[in-house]
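Biologist: I am new to this structure and would like to go through it one question at a time. Please show it to me before we start.

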Amino acid sequence: MKYSLFVIGALFISTLSLCGCNKAADNRPKRVPVTVTVTYRGAPVEGATVTFHPANPDGKPAFGRTDAQGRASLTTFDPNDGALPGDYVVTVVKMVGSEQSLQTPSTEIGAMPANPVQGGAPPLQNTGARHLLPAKYADPNSSGLRATVNPSGENDFKFDLQD
C-alpha cells in the first residue's frame with residue numbers, strides 16, 4: 001500500500017511539474033531584434049516614433065520610440081520583440097502639440113468630462129500640432145528611408161535626417 005501511494009504521488013507531482021513548465025506555442029511569424037539610431041543634423045533625436053512599413057502586403061509593421069541617444073528597439077507584437085525579416089519603408093515622426101485635445105480637463109482619471117451645453121463629451125479642438133522634423137519623413141511615399149531586415153546577423157540601422 002505504501003509503495004502504491006508513493007508511485008501515485010510521484011506520478012502526480014511529475015504531471016503537475018510538466019504541465020506548469022509548458023509554454024503556449026508562439027505561432028506568430030519569427031521576429032529578429034532590430035535597433036535604429038536616428039539623428040537630425042548630426043544630433044540624436046529623442047522621442048521620435050520610427051515605423052518600419054513592410055513592402056510585402058502580408059508583412060507586419062514594426063515601431064519604436066527613440067531615447068535620449070536617438071536609439072530605439074523595434075516592436076511588432078510584444079515590447080522589443082523586433083521585426084519580421086524583409087524589406088521596409090521607414091518613417092520617422094516627432095511632433096509637438098496634440099492634434100486634438102479636450103477643451104475641458106477631466107476631474108477624474110479616465111473620466112470623460114461632460115459638455116454642459118449638450119450633456120455629452122466636450123468638443124475637440126485642433127491645438128496646432130507641428131512636425132519637429134521635416135514632414136517628408138512622416139510619409140512612407142516621401143521619406144526616402146529604406147531598410148532590409150535580415151533573418152540572421154545584426155540589424156542595426158542608422159538614419160541621419162537632413163532638411
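Modeller: One term comes up early: residues touch, or are in contact, when they have heavy atoms within 4.5 Å of each other. The model is predicted, and local features need a pLDDT of at least 70, side-chain atom pairs count only at pLDDT 80 or more, and totals for chains, interfaces and linings use all residues. Residues are numbered from 1 along each chain as its sequence is written, and side-chain values use heavy atoms, with hydrogens and water left out.

Biologist: How many helices and strands does the protein have?

Modeller: Helices (H or I, at least four residues) and strands (E, at least two) are DSSP runs, numbered from the N terminus. Along the sequence the pattern is α-β-β-β-β-β-β-β-β-β-β-β-β, and the count is therefore one helix and twelve strands.

Biologist: What percentage of the residues count as buried?

Modeller: Buried means under 20% relative accessible area, exposed over 50%, and partly exposed in between, with a 1.4 Å probe and protein chains only. The accessible surface, from the Shrake-Rupley method with a 1.4 Å probe, comes to about 11000 Å², of which 57% belongs to carbon and sulfur atoms. Among the 163 residues of the protein, the buried part is 27%.

Biologist: In which order do the strands of the open sheet of four lie?

Modeller: Two strands pair if DSSP finds at least two bridges between them, and the pairing in this open sheet is antiparallel. β3 (residues 49-54) is joined to β6 by six bridges, while β6 and β11 pair over five bridges. The order of the four strands is β4-β3-β6-β11.

Biologist: Which strands stand at the edges of that sheet?

Modeller: A strand at an edge has a single partner strand, so one of its sides is left without a neighbour in the sheet. Neighbouring strands here are turned by 25° against each other on average, direction ignored, where axes are lines fitted to C-alpha atoms (for helices over the stretch in contact) and angles run from 0 to 180 degrees between N-to-C directions. The edge strands are β4 (62-65) and β11 (145-149).

Biologist: Where in β11 are the bridge partners of G86 and V90?

Modeller: Strands of a sheet pair through backbone hydrogen bonds, either parallel or antiparallel. β6 and β11 pair in the antiparallel sense. The partner of G86 is V149, and that of V90 is L145.

Biologist: Is T91 buried or exposed, and which side chain makes a polar contact with its side chain?

Modeller: T91 lies in strand β6 (residues 86-93) and is buried because its relative accessibility is 3%. Not counting residues up to four places away in sequence, T91 touches T49, V50, T51, H53, Y137, A138, D139 and P140. A polar contact is a pair of N or O atoms within 3.5 Å, of which, within protein, one must be able to donate a hydrogen and the other to accept it, and residues adjacent in sequence count only if both atoms are side-chain atoms. At 2.9 Å, the polar partner is the side chain of H53.

Biologist: Which residue of β6 stands opposite H53?

Modeller: β3 and β6 run antiparallel. The residue of β6 opposite H53 is V89.

Biologist: How many of the six residues of β1 are buried, and which strand pairs with β1 in the parallel sense?

Modeller: Five of the six residues of β1 are buried, so the strand is largely enclosed by the rest of the structure. Three bridges join β1 to β5 in the antiparallel sense, with T37 partnered by R71, and two antiparallel bridges join β1 to β2, where T39 stands opposite P44. In β12 (residues 156-161), F157 is the bridge partner of V36. The parallel pairing, over six bridges, is with β12.

Biologist: Which residue in the turn of the hairpin formed by β1 and β2 has a positive phi?

Modeller: The hairpin has two residues between its strands, in the loop between β1 (35-40) and β2 (43-44). The residue in question is not a glycine, and its phi is about 55°. At 57% relative accessibility it counts as exposed, and its name is R41.

Biologist: Where is N80 found?

Modeller: Phi of N80 is near 60°, a positive value in a residue other than glycine. N80 is exposed, with a relative accessible area of 54%. Its place is the loop between β5 (71-73) and β6.
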